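I opened my notebook to get to know a structure that was new to me. These are the things I looked up, in the order I came to them.

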Amino acid sequence: MQTIGEIQKKVRNASQLRITNSGSASSSELLNMISYSGVVEYFPEELVITVKSGTLIKEINQVLGENNQALPFFIENSDKTIGSLYSTSGSDFSDSVLGVQIINGKGDLLNFGGQVMKNVAGYDVSRLLVGSMGKLAVI
């Protein structure tokens, strides 16, 4: 299982970095996120789940299903990870994101948003990153 610190170190040491969710990361320039997976927190009564980016959609659906809940968006391929979905989706997905923890190009760990919907002015970075194809940050 990969830790945040290990991911940060890889980002800091790489001249170019490609993110993948499959296979093994045999190259120092390849960052495999599939080993960074799992449910961090789940509050069914609040309809909030916090997951790591390598968590499979089918795994999230299984956890939610135990409480008769479901993701608020449809996805055909449940073998995708939430991170890959995050980086390739659009506004239908971004409406479901309350917060995100990212690693920027310098290897810094940054937090944006939270667990509650707020009415704020300015840029919502957690939603801005949806569909960014991993070019702005590691999610």
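**Entry 1: L109**

I began with L109, which sits in strand 6. This is a predicted model, and I kept that in mind throughout. Is L109 buried, partly exposed or exposed? Its relative accessible area is 35%, and because the partly exposed range runs between 20% and 50%, L109 counts as partly exposed.

Next I looked up its company. Beyond its neighbours within four places in sequence, L109 is in contact with I4, Q8, Q101, I102 and I103. I4 caught my eye here: 105 residues separate L109 and I4 along the sequence, yet their C-alpha atoms are 8.3 Å apart in space.

**Entry 2: helix 1**

Q8 led me to helix 1, which covers residues 4-13. Which residues of helix 1 are buried? I found I7, Q8 and V11. Looking down the axis of helix 1, I saw these buried residues fall within an arc of 100°, so they line one face of the helix. The face turned away from that buried side carries the exposed residues K9 and N13.

I then asked what the buried residues of helix 1 pack against. The list is strand 2 (30-32), strand 5 (99-103) and strand 6 (109-113).

**Entry 3: stepping back**

Time for an overview. How many helices and strands does the protein have? I noted five helices and six strands. Read from the N terminus on, the order is α-β-β-β-β-α-α-α-β-β-α.

A few totals went into the margin. The protein has 139 residues, and 35% of them are buried. Among contacts with a separation of 6 or more, 46% join residues 24 or more positions apart. The accessible surface comes to about 8600 Å², and carbon and sulfur atoms hold 50% of that.

**Entry 4: the cores**

I looked for the largest nonpolar core and found one of 18 residues. Which residues have the most contacts inside it? They are I57, I82, L85, Y86 and F93. Helix 2 (57-65), helix 3 and strand 5 each supply at least two residues of this core. Apart from this core lies another, of seven residues, including V11, Y36, I103 and V138. I had already met V11 as a buried residue of helix 1, and I103 as a contact of L109.

I followed L85 a little further. Leaving out residues up to four places away in sequence, L85 touches I57, F73, I75 and F93.

**Entry 5: helix 2**

I57 took me to helix 2, where I57, I60 and L64 are buried. Seen down the helix axis, the buried residues of helix 2 fall within an arc of 60°, so they line one face. I jotted down a reminder of why such spacing works: an α-helix has 3.6 residues a turn, so residues three or four places apart point the same way. The buried residues of helix 2 pack against strand 3 (39-43), strand 4 (48-51) and helix 3.

**Entry 6: aromatic rings**

How many aromatic pairs does a search of the whole structure find? It finds two. In one of them, Y86 and F93 meet edge-to-face, at 5.7 Å centre to centre with 80° between the planes. Both Y86 and F93 are buried. F73 joins Y86 and F93 in one aromatic cluster.

**Entry 7: S87**

My next stop was S87, in helix 3 (residues 82-88). Is S87 buried or exposed? At 13% relative accessible area, S87 is buried. A polar atom of its side chain lies 3.1 Å from the backbone oxygen of S84. Beyond residues up to four places away in sequence, S87 touches G131, S132, M133, G134 and I139.

**Entry 8: two positive phi angles**

M133 turned out to have a backbone feature to note: a positive phi of about 60°, although it is not a glycine. M133 is found in the segment after helix 5 (125-128), and at 53% relative accessibility it counts as exposed.

L47 also has a positive phi of about 60° without being a glycine. Where is L47 placed? I found L47 in the loop between strand 3 and strand 4. With a relative accessible area of 66%, L47 is exposed.

Notes
Residues are numbered from 1 along each chain as its sequence is written. This is a predicted model: local features need pLDDT of at least 70, side-chain atom pairs count only at pLDDT 80 or more; totals for chains, interfaces and linings use all residues. Side-chain values use heavy atoms; hydrogens and water are left out. Buried means under 20% relative accessible area, exposed over 50%, partly exposed in between (1.4 Å probe, protein chains only). Helices (H or I, at least four residues) and strands (E, at least two) are DSSP runs, numbered from the N terminus. The arc is that of the directions from the helix axis to the C-beta atoms. Contact means heavy atoms within 4.5 Å. Rings of Phe, Tyr and Trp (its six-membered ring) pair if their centres lie within 6.5 Å; planes under 30 degrees apart count as stacked, over 60 as edge-to-face and the rest as tilted. A polar contact is a pair of N or O atoms within 3.5 Å; within protein, one must be able to donate a hydrogen and the other to accept it, and residues adjacent in sequence count only if both atoms are side-chain atoms. Accessible areas come from the Shrake-Rupley method with a 1.4 Å probe; for residues, only the protein chains shown count as cover. A nonpolar core is a set of buried Ala, Val, Leu, Ile, Met, Phe, Trp, Tyr and Cys residues joined through side-chain atoms within 4.5 Å.
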